[in-house]
Amino acid sequence: MPDIGQRLRAIPGMDIILNYDWVQDWTERIGKIRVKREINKELGEIRRRILSDEGFEFSADEFRSSCLNAFVSASRSSLRRVINASGVVIHTNLGRSLIAPLAVEAMTQAAQSYTNLEYDLKAGSRGQRNSHVEDLLCSLTGAESALVVNNNAGAVLLALSALAKGREVVVSRGELVEIGGSFRIPDIMSLSGAELVETGTTNRTHLFDYERAITDRTSMLLKVHPSNFRIEGFTTAPERRELSRLAHERGLIFMEDAGSGLMVEGALLGLPVNAGEISIKSCLEAGADIVTFSGDKILGGPQIGGIVGRKEFVDRLKKYPMARALRVDKVTLAGFETTLRLYAQGLYDEIPTLRMLRLTQDSLKARADSLAERLASRLTAGSVRVRVLEVDDATGGGSCPEIPLKGWGVEVNHNTLGAGQIQKLLRFREVPVLCGAKDDKIILHVRTLQEGEEETVINSLEAVLNV
Ligand SMILES: *Cc1c(COP(=O)(O)O)cnc(C)c1O
């Protein structure tokens, strides 16, 4: 066995590598800087292995193939389309809601053109970017005034900063939530400069708990939607009406972070929701002064944070300097306006998130049957078994966590490849396919497949399994 020095000297130098034909091809395609960067990463890895593994030697063939893989990856966009076969409709890691085609059109138009973003065409003078959605938001929710910012975390931060900085905010211990990806009520509270006052217990908080927590430094009672969990069993929380009455008797603001935020009552949308999931309009009717919500969760629009409520408070938020730092861009605003117009027209099936949630069992079963049939005819019969089955889908995005969402899917079982291996190979495809797994078999949930994606899924499985 050659010693370490000999094995290290067997690695060719960068100048030599850059002259290889297969490297020069890629230099033209992705640029010399990136090619060198990828080669350096590969060389670093080879040196590391030579130093740590006595049996390891440089292999020109392996080096070439791992460099080529790295070049291919480097040539692709990092942010890419994927196929969601997980059955989770509002999948936070996969970018939450898909935007309605009509909203996408408006976004493209806004992106490519000058717009009247902050120009009042009637008056011929400076206008407000918020004005394009305020009226729609007010008419849909019954609010006096509305404002949109970057996202709901920003909306909560802005509202607490502008309305409760240096004062106390009372929150039930049962609602001190952490939403995936580091949104924690106590952290947002301290960032805003408001002082968190916890009251009640994790499972039970009574009206008298709120009453006792109020001092002359209190500015607000805050209710937070426990988006991604439910405490069940022996639980109590006061009604919104009681909370708002208490807040108003004491001259306090009653604010609600509605999290997901239904733009229309769930029952009207035909969604499988329960009493815990109420519309923004109902929150306001129950007496909330300010309600905040996300645009890209169950609402099904682009990422925004909505703030609706009483004019005197929303006006204070509009004027607060932080609002400027959280403002939305023209592309997002165009998409959000069009999404709201679809609500106003009652065209719920034009909104992909709502359409996927409203799909019937019959139509899901029919799609699973057809996918299974096509898969069975294209995959090698001896080594693969395909079966249609009922599956658990999910709303996701912190909406309706306890409501089971039944769906249909296709289970694919391979002789030698385990579910984890198949999932990995599917992730490495040009259009990655993300699916579920159970009992070491992969499961393709049809609810979240978009039109025409079945063919790509079949091609991918063919490439991965027919070997
Ligand atoms: C999701 C959620 C947030 C954060 O909303 P973003 O739009 O992701 O910033 C805040 N509060 C609650 C209750 C949520 O469910």
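This is a short talk on a few places in one protein chain, from its domains down to single residues.

Hi everyone, thanks for coming. Before we look around, please keep in mind that this is a predicted model.

Let's begin with the overall layout. The domain assignment splits the chain into domain 1 (4-75), domain 2 (83-91 + 357-465) and domain 3 (101-350). Notice that domain 2 is written as two stretches of the chain. How far apart are the C-alpha centres of domain 1 and domain 2? They lie 37 Å apart.

Now find helix α3, residues 21-30. Which of its residues are buried? They are W22, V23, W26 and I30. These four sit on the same side of α3, because they cover an arc of only 95 degrees around the axis. If that pattern seems surprising, here is a handy rule: an α-helix has 3.6 residues a turn, so residues three or four places apart point the same way.

What do the buried residues of α3 pack against? Their partners are α2 (14-18), α4 (32-52) and α5 (60-75). On the face turned away from the buried side, you'll find D21 and E28, which are exposed. Right after the helix comes G31, and its phi is positive, near 95 degrees.

Next, let's move to strand β13, residues 305-309. Here 5 of the 5 residues are buried. Look at the two faces in turn: G305, I307 and G309 are on one side, G306 and V308 are on the other, and both faces are covered.

Which strands pair with β13? One is β5 (residues 145-149), which runs antiparallel to β13 and is joined to it by 5 bridges. In that pairing, V149 stands opposite G305. Another is β12 (residues 290-294), again antiparallel and again over 5 bridges. There, T292 has I307 as its bridge partner.

My last stop is a single residue, L222, in strand β10 (residues 218-224). Is L222 buried or exposed? Its relative accessibility is 2%, so L222 counts as buried. The cut-off for buried is under 20%.

Who are its neighbours? Leaving out residues up to four places away in sequence, L222 touches V169, V170, V171, E175, M189, M255, E256 and D257. Try comparing sequence and space here, too: L222 and F254 are 32 residues apart in sequence, yet their C-alpha atoms are 6.1 Å apart.

That's my tour. Do turn the structure around yourselves and look for these places. Thanks for listening!

Key. Residues numbered from 1 in each chain as written. Predicted model: local features only at pLDDT ≥ 70, side-chain atom pairs only at ≥ 80, totals over all residues. Heavy atoms only, no water. Buried < 20%, exposed > 50% of the residue type's maximum accessible area, 1.4 Å probe, protein only. Pairing = 2+ DSSP bridges. Domains from an automatic or database assignment. Contact = heavy atoms within 4.5 Å. Arc of directions from axis to C-beta.
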